[in-house]
Amino acid sequence: MNPVTQEVGRARERREDERFLRGAGCFVDDFKLPGLCHAVVMRSAMAHGRIVSIDTAAALAVPGVFAVFTHADIAEWASAIPVRAGAVAGLDGYLQLPLARDTVRYVGEPLAVVLAEDQYAAEDGADLVYADIDQMDAVVTIADALRNDILVHADSGTNLAAHYVARRGDADSAFAQADYTRKETFHCHRHSSVPLETRGLVARWDTATGRLQVWGATKVPFYNRRLLAQMLGLDENAVDLIELDVGGSFGARGEFYPEDLLIPLVARLTGRAVKWIEDRRENLIAMNHSREMECELEIGARRDGTILGLRGKLFADMGAYARTTGGIVPAKAAMFLPGPYDIAHYSCEVNAVMTNKTPSGTFRGPGRYEANFFRERLIDMMAADLGLDPAAVRLANLIRPEQMPYQIGKLVPYEESAEYDGGDYPFVFRHALEKVDYAGLAGVRGKLIDGKWHGVGMACFVDSSGAGPAEYARLMVNAPTDIHLFTGASSAGQGHETAFAQILADEIGLPAPAIQVFHGSTTGVARGFGTYHGRGLVMGGSAVKRVGEAFVAQLLGEAARRSGLALADLAYRGGAVFNRHTRDTIVSVEQLCEEKRRGDAAARRLLQADAHFAQTVCTFEYGTQIAHVAIDAQTSTLEVIRLVTVEDCGNVINPLIVHGQVIGAAVQGLGGTLLEEFVYDDFGQMLCGSFADYLLPTSTDFPNVEAYSLNMAPSLLNPLGAKGVGEGGIEGVGGAIANAVADALQSFGVKVVSLPLSPNNISRLIRETRAPQAP
Amino acid sequence: MKPPVFDYFSPASVEEALTLLGEHGEGAKLLAGGQSLMPALNFRLAAPAVLIDLNPIGALAGVHVASDGRLVAGAMTRHRWFETSALIQQRLPLVQHAMASVAHVAIRNRGTIGGSLCHADPAAEWPALCLACDAEMVLQSGTGLRYVKAGDFSRGLFTTALGGAEILVQVIFPAWPETRRWGFQELARRRGDFALVGVACLLDVDTGGTCTDVRIVVFGATDTPVLLREAASELTGRAPTDHHVCSAARCARGGIDCRSDHHASAEYRSELVQALTSRAIAQALARGNDVRDG
């Protein structure tokens with residue numbers, strides 16, 4: 001194989017962008033079928049209560065409304081939605097039924113599905129479904145939950161759904177040796193993915209063929225198909241999950257939610273094509289929340305800042321039910337609490353706590369963002385206590401290259417022992433310090449300049465990516481200029497069509513524009529899995545490389561057969577196999593396509609290839625974020641003067657896509673750290689029901705974000721040498737900004753232990769330090 | 001996100017609109033720019049039986065200068081018009097400047113002065129600007145016209161003096177004296193968001209540098225905009241120094257019992273009242289005397 005032009009590594013503009021920028025994409029709401037009817041999910045307005053009755057008569061009397069389903073109508077199919085991943089023991093007792101049966105447990109819990117000829121009538125109908133519910137007190141905070149006075153799930157006997165201890169080494173002995181210890185309690189606030197495109201589905205049941213088609217799938221379509229088929233009692237092959245354009249997932253979209261059963265089910269029961277699309281308020285209460293966690297963390301060190309041990313207790317607010325991503329968030333927080341540092345002795349008590357709020361699940365960097373905030377903040381506190389420079393403390397404790405691979409032990413109950421696979425952690429950290437000119441900023445830190453307090457903060461992270469079930473690819477060549485590539489990896493907007501074509505083009509030596517990429521649907525490849533945990537490219541991309549290799553091998557074999565030459569005498573280049581010595585072409589793609597057109601079955605077989613890539617071991621990317629902030633002394637508003645993120649992401653397939661991913665992740669991290677929060681009142685009502693109250697970062701909010709991608713240690717665990725890049729950019733942002741705020745306000749002695757750092761909260765931090773001390 | 005059923009009327013004149021309002025009474029709602037009402041309908045927070053669309057009534061849009069120099073604005077004039085008008089820049093530079101803080105351009109293209117005043121959101125700029133400028137509302141009903149000063153028009157949270165059978169048709173702004181200077185400060189979570197707190201300040205300063213008339217209005221902090229007479233009195237009759245500005249700002253903070261919500265506590269809003277009042281006064285004092293050149 002000897003490609004004419006190298007595609008991998010080139011900054012190709014995304015081929016998807018033109019249709020998106022022209023408004024020519026096809027998202028769920030753009031997808032129409034003849035005779036489509038509309039579904040609206042009627043949801044609980046109460047956080048906690050016992051259902052007495054649900055009266056649907058008035059709804060059914062609305063002109064245009066032709067069906068209303070409650071749990072009683074669909075009980076036969078509507079079993080509890082199981083945990084897909086992150087199977088932490090205990091969570092199985094807290095699963096959600098697609099429609100509430102006897103108790104509602106959060107504002108937004110589905111109670112009924114209304115079907116009507118148009119969306120207007122469906123919403124009118126939903127307004128008239130009358131649920132008689134005996135209100136109960138709501139469990140709103142982690143502290144409420146741990147008191148167990150009110151139980152979210154009465155029959156479980158406790159709100160503490162899961163509890164275990166993750167450990168390596170002997171933390172208690174390490175603390176006994178420590179010159180210095182400090183313990184603090186940190187809090188990370190509830191926020192989440194909030195993609196701009198809300199969730200939606202279109203489902204059609206074909207009575208004649210017994211096939212169910214569902215449009216709007218993403219993330220893990222193959223898993224969701226299997227589960228949907230099981231719940232409906234259908235053969236898996238009778239169900240197609242089809243991916244359209246997707247306006248963002250960030251982890252939360254594409255999991256199996258109640259609607260993922262309800263919409264296909266009502267399509268089947270009524271024989272009608274059904275469309276459901278969330279409105280924004282619905283999206284904000286129905287889709288997985290994330291991040292809400294408390295952590296009591298203690299660090300033990302020598303006087304010189306060498307960390308000897310870390311021990312803590314995590315309490316994750318899971319919301320009202322265990323969702324498909326199970327205990328991933330607390331489990332990964334516990335796994336990554338020690339971070340990229342050489343900390344031999346570590347223990348962490350992990351607690352998953354149920355509350356009467358929207359269920360939690362994974363969001364970009366699940367558990368990592370939170371854990372990095374807790375640890376990095378505590379490291380800065382330690383540095384200040386010991387009179388050490390925060391950068392020097394980190395450099396002294398980062399895992400060194402000669403310690404790689406670094407055993408982190410078995411920290412996750414549902415996974416095997418793991419190891420950080422490689423890298424030069426100190427180098428990447430020093431690179432970030434240079435990029436931000438850390439030394440040059442020494443003069444502004446903690447200073448009031450033109451009415452603003454300046455501060456610099458940093459956070460280091462390490463994260464896993466890839467692995468999980470195998471991913472599949474299929475290649476079909478119709479002509480040298482018409483090549484179809486199918487992948488089981490789904491795209492939520494990451495640019496698979498561009499990057500996967502680049503990978504294949506290099507393998508088969510044909511131009512990337514000739515390759516069309518079809519992704520994320522169960523119809524393209526016989527088997528597949530999906531995209532999450534930084535595995536779209538690591539797993540899906542590797543399968544694409546494999547299918548290219550398989551295709552080339554088939555052509556070489558055919559050439560050997562036709563020519564009688566040994567493989568060593570043959571070479572493949574630019575879609576043809578030729579004799580190395582004579583340069584004569586023996587067989588070409590063009591020629592095989594011609595033979596196929598004439599009906600040659602052998603040629604047709606040669607022009608198709610299937611492959612998969614399996615790897616159960618994760619690869620680990622790592623890096624640093626450093627922020628320079630300025631806080632207005634009078635209004636407490638924070639300006640991000642610079643945020644620099646540096647990451648080792650292994651081999652880069654498309655630098656432009658990687659850069660966009662990292663910048664996007666960093667800005668999403670800034671949104672989560674400074675703007676976004678799901679606020680609940682004492683009754684469990686969510687107060688942020690629109691984008692006027694749930695504040696996403698906009699294009700003008702954070703103009704000064706810089707991303708640098710390094711390739712220090714290509715992964716040895718996949719043929720591309722790639723690592724995930726979707727998550728790294730977000731992971732240390734909370735920690736870096738929190739450290740920068742503490743640095744800026746050091747003269748006040750503020751204690752930064754909670755997010756978000758909204759102006760309201762920064763003003764409170766300052767006010768608290770000015771408050772008169774108790775006598 | 002679909003509104004409930006309503007009947008829709010598009011009258012050609014104010015008189016016709018008043019007749020419709022009389023016929024449908026309580027169940028009718030007037031539709032101006034729709035930037036608050038349409039989301040409320042789509043969220044099903046409002047369910048009027050009838051919408052009376054004022055957009056077709058050409059006579060309600062546009063601004064003219066009366067013979068006595070007062071500026072008469074039609075209630076259906078869009079925010080964006082005020083923002084881009086040379087006339088407003090010359091005659092009411094405070095208003096022209098403040099328009100940039102009203103949401104985003106797309107919203108300013110549709111939203112109207114009258115709609116904003118009648119909606120009476122506590123964080124909205126228009127009620128505060130009208131109070132600062134001592135504007136007068138012209139309310140029309142079947143029985144004729146009624147004139148209400150801005151200070152009497154705001155009655156509370158989303159509540160005004162507008163009667164059920166009345167339509168706000170015009171807003172009249174007194175002419176500015178040559179000696180007037182202005183300051184405007186607003187703080188929102190992001191550009192275009194509702195103000196946590198805003199301050200508009202007008203100072204009439206004589207040639208000796210003495211403030212002869214001072215109006216300071218704070219909005220977003222309480223249910224309605226507030227005219228701060230006591231804070232103003234710290235400056236009136238004086239050529240203000242930094243000391244006076246600080247006293248006025250402290251006085252502003254002390255004179256307001258701020259509201260609290262999940263974006264800003266009462267304590268934080270109080271801090272903002274002081275900070276932004278101080279900045280608005282300083283901004284007004286710093287401007288050249290001849291503000292009319294922009």
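**Exercise 1.** In this predicted model, determine which residues A:A39 touches, not counting residues up to four places away in sequence.

*Solution.* Contact requires C-beta atoms within 7 Å. Under that criterion, the partners of A:A39 are A:V113, A:V114, A:L115, A:A122, A:I263, A:V266, A:V274, A:K275 and A:W276. Next, place A:A39 in its core: the largest nonpolar core has 247 residues, and A:A39, A:V114, A:L485 and A:V741 touch the most other members. Helix α15 (residues 536-563) of chain A supplies the largest share of this core, nine residues. Another core, of 95 residues, lies apart from it and includes B:A124 and B:F184.

**Exercise 2.** Describe the open sheet formed by β23, β24 and β25 of chain A, and identify the helices that pack on these strands.

*Solution.* The strand order is β23-β24-β25, with antiparallel pairing. β23 (570-573) and β25 (585-588) each have a single partner strand, so one side of each edge strand is left without a neighbour in the sheet. From one strand to the next, the twist averages 25°. Strand β24 (residues 576-579) is joined to β25(A) by three bridges; A:A576 has A:S588 as its bridge partner in β25(A). Helix α15(A) touches β23, β24 and β25 of chain A, its direction making about 135° with that of β25(A). Helix α16 (residues 589-597) of chain A lies across β24 and β25, at about 55° to β25(A).

**Exercise 3.** Characterise the contact between domain 1 and domain 2 of chain A.

*Solution.* Domain 1 comprises 16-24 + 468-613, and domain 2 comprises 31-136 + 193-286. Their C-alpha centres lie 37 Å apart. Domain 1 contributes 16 residues to the contact and domain 2 contributes 19 residues. On the domain 1 side, three residues are nonpolar, 12 polar and one charged.

Methods:
Residues numbered from 1 in each chain as written. Chains lettered and ligands numbered in written order. Predicted model: local features only at pLDDT ≥ 70, side-chain atom pairs only at ≥ 80, totals over all residues. Core = buried A, V, L, I, M, F, W, Y, C linked by C-beta atoms within 7 Å. Buried ≥ 20, exposed ≤ 12 C-beta atoms within 10 Å, placed from the backbone. Helix = DSSP H or I, 4+ residues; strand = E, 2+ residues; numbered from the N terminus. Contact = placed C-beta atoms within 7 Å. Domains from an automatic or database assignment. Nonpolar A, V, L, I, M, F, W, Y, C, P; charged D, E, K, R; others polar. Pairing = 2+ DSSP bridges. Axes fitted to C-alpha atoms, helices over the stretch in contact; angles between N-to-C directions.
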